[in-house]
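Biologist: Please take me through one part of this model closely, and then set it against the rest of the fold. Plain wording will do.

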Amino acid sequence: MNIDLSGKLALVTGSNAGIGRAIAFALASAGADVAVTYMNRREQGEEAAEAIRAKGVRSAAFRLDAGDADRVEGFPAEIEATFGRSVDVLVNNAGHLVARVPSLEMTEAHYAKVMDVNFKSCVLMCAAFGRGMREKGGGSVVNVTSVAAHNGGGAGAAVYAAAKAAMIAYSKGLAKELAGAGVRVNLVSPGFIGRTAFHDTFTPEAARKATVQGIPLGREGTPDDVAGAALFLASDLAAYITGETIEVNGGMFMR
């Protein structure tokens, strides 16, 4: 059974690299036009959009701070002006650990930054683009959480884990609110997705090897592993699924 998203417009935040890029490419390969967003790396964003256009669909890259309420509020109009239609699939992938800070050394500034980039951004984007989905009577939201939401994360990541856990609870509530309008809200929860900027920055090599040894499937995950789950949730194959989380972790965490 093939997934066909032809005629759909998808928006994937943080899609200039890593998991977001893989999700954007998977949606484009299924026929969707894709809006790419980046925070600081414009060249990466433009390159991703160009590679997506090479697949025969439309794409454009936009600089977006998804935690900026004013920017997000005006973003749907910018997307519609560029593509001539509203978004059908929203993937809230943008997020960041920011830094490993022990809980007893937490500052208000660090707390706010972590919550803004991970949770506030999700809430703002869902509100802004959910209205358009509600108006046209359908759509799919896929929020990217983390296995940290279940296990508390690694050292110095408690607030990050809390933000990702908040995404799960929020998505369930939003799924109930939008179900009557035909809008589905689900999550993908990556585990140890190796060789990404996240782990290259925050995970020492010894910790990486130790983690992989504890994964039942015996390997690190890849961005494409996450992209496959997101593509499924965005498609009509998941037409009767809402408020759910797909764990993509090789068995390191089983519910």
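Modeller: Val98 counts as partly exposed, because its relative accessibility of 23% falls between the limits of under 20% for buried and over 50% for exposed. This is a predicted model, and the values here are computed from it. Val98 sits in the loop that connects strand 4 with helix 4. Its phi is near 75 degrees, which is a positive value in a residue that is not glycine. Most residues other than glycine have a negative phi.

On the far end of that loop is helix 4, which covers residues 108-136 and includes Ala109. Ala109 is exposed, since its relative accessible area is 60% and the limit for exposed is over 50%. Ala109 and Val185 are 76 residues apart in sequence, and their C-alpha atoms are 30 Å apart in space.

At the other end of the loop, strand 4 belongs to an open sheet of seven strands, ordered 3-2-1-4-5-6-7 and paired in parallel. Strand 3 (59-63) and strand 7 (245-248) form the edges; each has a single partner strand, so one side of each has no neighbour in the sheet. On average, neighbouring strands of this sheet are turned by 15 degrees against each other, direction ignored. Strands of a sheet pair through backbone hydrogen bonds, either parallel or antiparallel. One of the pairs here is strand 1 (residues 9-12) with strand 2 (residues 33-38), which runs parallel over four bridges. Within that pair, Leu9 has Asp33 of strand 2 as its bridge partner.

Two helices lie across the sheet strands. Helix 3 (residues 69-83) lies across strand 1, strand 2 and strand 3, and runs at about 155 degrees to strand 3. Helix 9 (residues 223-234) lies across strand 4 (89-92), strand 5 (139-144), strand 6 and strand 7, and its angle to strand 6 is about 170 degrees.

Strand 6 spans residues 183-190 and holds Arg184. Arg184 is buried but has no salt bridge; Asp236, the nearest side chain of opposite charge, is 5.3 Å away, and a salt bridge requires a distance within 4 Å. A polar atom of the Arg184 side chain does lie 2.9 Å from the backbone oxygen of Ala238. Beyond its neighbours within four places in sequence, Arg184 is in contact with several residues, among them Gly139, Ser140 and Val141, as well as Leu233, Ala234, Ser235 and Ala238.

Technical notes
Residues numbered from 1 in each chain as written. Predicted model: local features only at pLDDT ≥ 70, side-chain atom pairs only at ≥ 80, totals over all residues. Heavy atoms only, no water. Buried < 20%, exposed > 50% of the residue type's maximum accessible area, 1.4 Å probe, protein only. Lys, Arg positive; Asp, Glu negative; His and termini not counted. Polar contact = N/O pair within 3.5 Å; in protein donor to acceptor, adjacent residues only side chain to side chain. Contact = heavy atoms within 4.5 Å. Pairing = 2+ DSSP bridges. Axes fitted to C-alpha atoms, helices over the stretch in contact; angles between N-to-C directions.
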